[in-house]
Structures are given as structure tokens and as C-alpha cells.
Amino acid sequence: MTDPLLHLSRRTALTSLGLGALAVMALPGAAQAGDAEMEAALRDLIGPARASAKKGRILIDLPALAESGNSVPLKVSVESPMTPADHVKRIAIFADRNPRALIMDVTLGPRAGRAEVGTNIRLSGTQNVSVYAQMNDGTYWTETRNIQVTIGACDSLLLRF
Amino acid sequence: MKRPLAVSVVGLLLAAAGIAAAQQDLAAYVSGDRRSGFTFLAPETRALQTDEFRNPGMLWVEEGERLWSVAPPGGQSCAGCHKDAAVSMKGVAASYPAYDEEQKHVINLEQQINQCRGRQKQPALAWESRELLALTAYVGRQSLGMPVAVKIDGPAAQSFARGKEEYEMRRGQLDLSCAACHESQVGAKLRAEVISQGQMNGFPIYRQLWQTMGSSHRMIAWCNEAVRAETYPAGSQEYVDLELYAKWRGRGLPVETPAVRR
Amino acid sequence: MAAATRIRVPATARRGEIMELRAIIMHPMENGFRMETNGEYVPVHIIHTFVCRYNGAEVFRARLEPGIAANPYLAFTTRATESGTIEFIWLDDDGTFEVAAATVEVT
């Protein structure tokens, strides 16, 4: 093989497969959360109101593709006049394949002026990011966005530096 | 779905203008055939670097600014001798590594900072310590946008020649040299990652993979280990020489400290 | 050593105007899933709560989880009501906290 990169990517692929298998063996259930973790997080954080959550009103600003899962810019905006009579009081953000599905739980009120929050989040891989926004009357709105998280060959190695 | 032709044309023109604008933005990060690592990043990562508030590396720059005027017991602060860094440190990072008359060999910026500390009877700061990264980032920031211009002749010539040799030497179980990737395979992919030219105009960098700041020598050691090669210690002459050569490869590129990389 | 923080609050604002506030803190946000080369997991160490107060009244609160990136960054808004102090508080799960504050003049 004359192409050093072909050489590198094949070896790396093999190594990462090995590491991946080890991780799964060492960490049953923790390496990737999956549906059970997401279900539990929604049950604990949102509760029965989840069943009546309506789709819409929420804008999830997230890139379609992230080149590092260690820091992905996220901005959430919820449509609301943000008056004492009609406002968002809570914005909860989840990632359904992270080891811990809940990412952030924001409490706000009419003084915010706008119902929005920006941050950088961690994503353990390609998955769905879901937002639940609670209005002052207790009702929930929800929205979901899918995001692809890419991985570079060298990133998957466990290095000392 | 049918749309009026005029709308599509306007859309296309707007898209073309957008692409042109994006390319224009990147032009500042290119010098001749040299392209900063910045140009290989996703737009979101580039935005993280250029937003002075969101760039996490600025936390270290501000920390360095505080440390700049802290006088150690029985010694001078950096500001005590060098006064306003915005004046005295402007252009310094763009010219390092550089030959040092006192040491009689080429040293890099971290080593220069520790040499100054030695004069003030202070212990050297450890590589990758928060303080050394902060001071290096602060000094580096004073050259923001200035073209990289290291001296490679005269007393630096030997160091430069050794650095070139290091750069081209195949090493490790994968038998790869720096050049095997960062010259021969630029633009190719390692899984999802595009191979850059390995330019060093933004150190210390905030690296997403590390989730913190790291020095130029940490980066080189990381690359060495990625090809399963033995590493040299941070601050070794091998790495200083390599840094000089790599920095020269990026001559004319703007200093981006603190750059954000994958 | 105290954690480094940076905040952005407009120096002046008109009454009723919506101000954008930004805050960032130097912190590893260790998620507990990172393995050292010796095979041991680095224990969880995060900022678990962030609070913003405007003249003492809480206007924004966030519970942060390990899914927040290292060196947590937050951007949010508040309506300018009166001149005074805007305070940012970060609670660390090691029991410590950080505070940063800035004043705004509302006309």
C-alpha cells in the first residue's frame, strides 16, 4: 500500500472498533444512553404533562452537522409575548443519545423580555436534541432537531496529550 | 413545487454573493499557498474563534492580562519592565521561536517567558500550566493579525535545518512524517476530519478535542502519539526546532492567538 | 485559584429595552465519562447552577448538566427596568461559587 492515509485510516478504524468494543463491555448502559435514559429524564423532569405537550412555538438553532461533539453551539427561542399574563417559565433541553439526556433546565420569567437562551453543548454522537418549554399556565410546547456529529480518525484515539 | 424564475435567479445571485463573502472572509487567513487551519474549519468553529466574547481562549488571555502586572515577592512584574504589553509585545509572538543570545540557541515564547521569570528569581512555570498558557496567550494576542515572520538565517539556520529534518522524518508505528500528512495529503480526509497544512500561527490554541488551551508542543506531542511515535518532552530542542520550521512554513499567515481548532 | 469569568452587560440601556447578557467561566465541566490513560474515570466536577440577579432579584436561572460544554457559555436576555447592578453567580459542585457583577445605567 503506497498511500499512507489509506494505511492510517484502516488501522485507526480497527483500533477504534477495538476501543469501542472495550467501552461497551466496561460500561453497560453508560456508554450510550438510548431510549431508557431519555424516557427517565422526561418522566422525572416533565412528568405526565409531557403527553399533552404541543409541537411548535420553539426554534432550535443548531448546525445540521457538527465537527466536534465536545462543543456545539445551540440557541433556543420560544415564541411568547413574555408578559406577566403570558410567558415562558421554563426551557428544558435534552439530547436523546447522551449518557445523561438532560443538558440544561432554564427557569425564567416576564423580566427576560424574550424567551431565549444560547450555550454550547456536548453531544456523544449523531442524535436528536429536544426542547420542552413550559408556559405560565403549565402547558408544554416541544420541538426536536436532528444533528449529525462527525468524528475525525485521530479524535477517536485515547492519547496522553 | 413551482417558483417564479425571477425568484430563483435572485436566490442564486444571493447564494453566490454569500459564497463570495465567505471566501473574502477567508482571504485574510491565506498567504500565497499557505492556508491557516482556520480555513479548514466548519463555519461554527470559525465563528467561535472570531467572536471575542465566545472564544473560550479569551479566558486565558484575560487571565494573562491580570498576571502581567502581578509582581512576585522580591521581583518585578512583567509590566514592571515591559510596561504596556499592547506596545512592547506587539509583533513578538509573530517572530518566535527566535535565537536567544543568552542561551545561544533558538527558544520559543514559553521559554522566553520562563527566562524572564528566572531573571526575577521566580521558578519556571510548568508547561500546560494555567499561568504559562495564560501569559503566552496574552503575549500572543498582542500580535493578532500580524504576519508570521520568523528568522531562519544567521544563528537560527542550524535550528531551522534540524527542524526541517524532524518535519520530514518518518516515525512511529504508522511510519508517517509531519510532511506525509500536512504537505502530501492536505485536503484529504481522515474519517470526517479534513487534513490541514498543520500551520502554527494561532498558538496557544483552544482545542475542542482537549476542551482546554494547549501549547504548540502539546500539539506536536499529540501528533507524534497519534502516529504511535515516541514523544519528546515539551521544551525539548527537537520540538523548538520543529516549531521554528513549522512556523516558517506559515510565513505571512496572521497570528490568530487564541485560535480555536477541532 | 479562583476560576476566571467574563461577563457582558451593556453600560447603558433605555428603560424597557431588552438587553442581551453573556457570561463565560473557565471550568472543565468534567462529565465523569472521561477516562484517563491509566484506565480510571475522572470524577464528575461541574458547575451545576447559574443564576443572574438584577438589583438582587433573580431574573434567570439554569441548572447545568455534564452535557454543557467545558468553559460554560450562556447568553440570555433581560428587560432594562432601572439602573443598578447585574450579578452573575456560578455554583460549583465542589461547594465553591464565583460571582461577577457589572452596572447598567438605565435612562
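Begin by selecting chain C together with chain A in this predicted model, where 32 residues of chain C are in contact with 29 residues of chain A. Colouring the two sides separately will help in the steps that follow. The area buried between chain C and chain A comes to about 2600 Å², and carbon and sulfur atoms give 53% of that area.

Next, display the side chains of Glu65(C) and Arg100(A), which form a salt bridge whose closest N and O atoms are 2.7 Å apart. The count of salt bridges between chain C and chain A is 1, while the number of residue pairs in polar contact across this interface, both at pLDDT 80 or more, is 18. Three strands of chain C, namely β3 (18-25), β5 (57-64) and β6 (73-79), are the elements that give two or more residues to the side that touches chain A. Sorted by class, that side of chain C consists of 20 nonpolar, 6 polar and 6 charged residues.

Keep β5(C) in view and add strand β6 of chain A, residues 102-108. How do these two strands pair, and over how many bridges? Their pairing is antiparallel and extends over 5 bridges. To orient yourself along the pair, label Asp105(A), which stands opposite Arg63(C) in β5(C).

Now hide chain A and bring up chain B beside chain C, where 16 residues of chain B are in contact with 16 residues of chain C. About 1500 Å² is buried between chain B and chain C, with 61% of this area given by carbon and sulfur atoms. Which three residues of chain B supply the most of the area that chain B buries against chain C? Select Phe53(B), Leu59(B) and Arg130(B), which together supply 52% of it, more than any other three residues.

For the polar side of this second interface, show Arg22(C) and Asp51(B), a salt bridge in which the closest N and O atoms lie 3.1 Å apart; it is one of 2 salt bridges that the rule finds between chain B and chain C. Polar contacts across the interface of chain B and chain C, counted with both residues at pLDDT 80 or more, involve 5 residue pairs.

Finally, select the helices α3 (57-68) and α7 (130-141) of chain B, the elements that give two or more residues to the side touching chain C. The largest share of that side, 6 residues, comes from α3(B). Colouring by residue class then shows this side of chain B dividing into 6 nonpolar, 2 polar and 8 charged residues.

Technical notes: Residues numbered from 1 in each chain as written. Chains lettered and ligands numbered in written order. Predicted model: local features only at pLDDT ≥ 70, side-chain atom pairs only at ≥ 80, totals over all residues. Heavy atoms only, no water. Contact = heavy atoms within 4.5 Å. Buried area = accessible area lost by both parts, 1.4 Å probe. Salt bridge = Lys/Arg side-chain N within 4 Å of Asp/Glu carboxyl O. Polar contact = N/O pair within 3.5 Å; in protein donor to acceptor, adjacent residues only side chain to side chain. Helix = DSSP H or I, 4+ residues; strand = E, 2+ residues; numbered from the N terminus. Nonpolar A, V, L, I, M, F, W, Y, C, P; charged D, E, K, R; others polar. Pairing = 2+ DSSP bridges.
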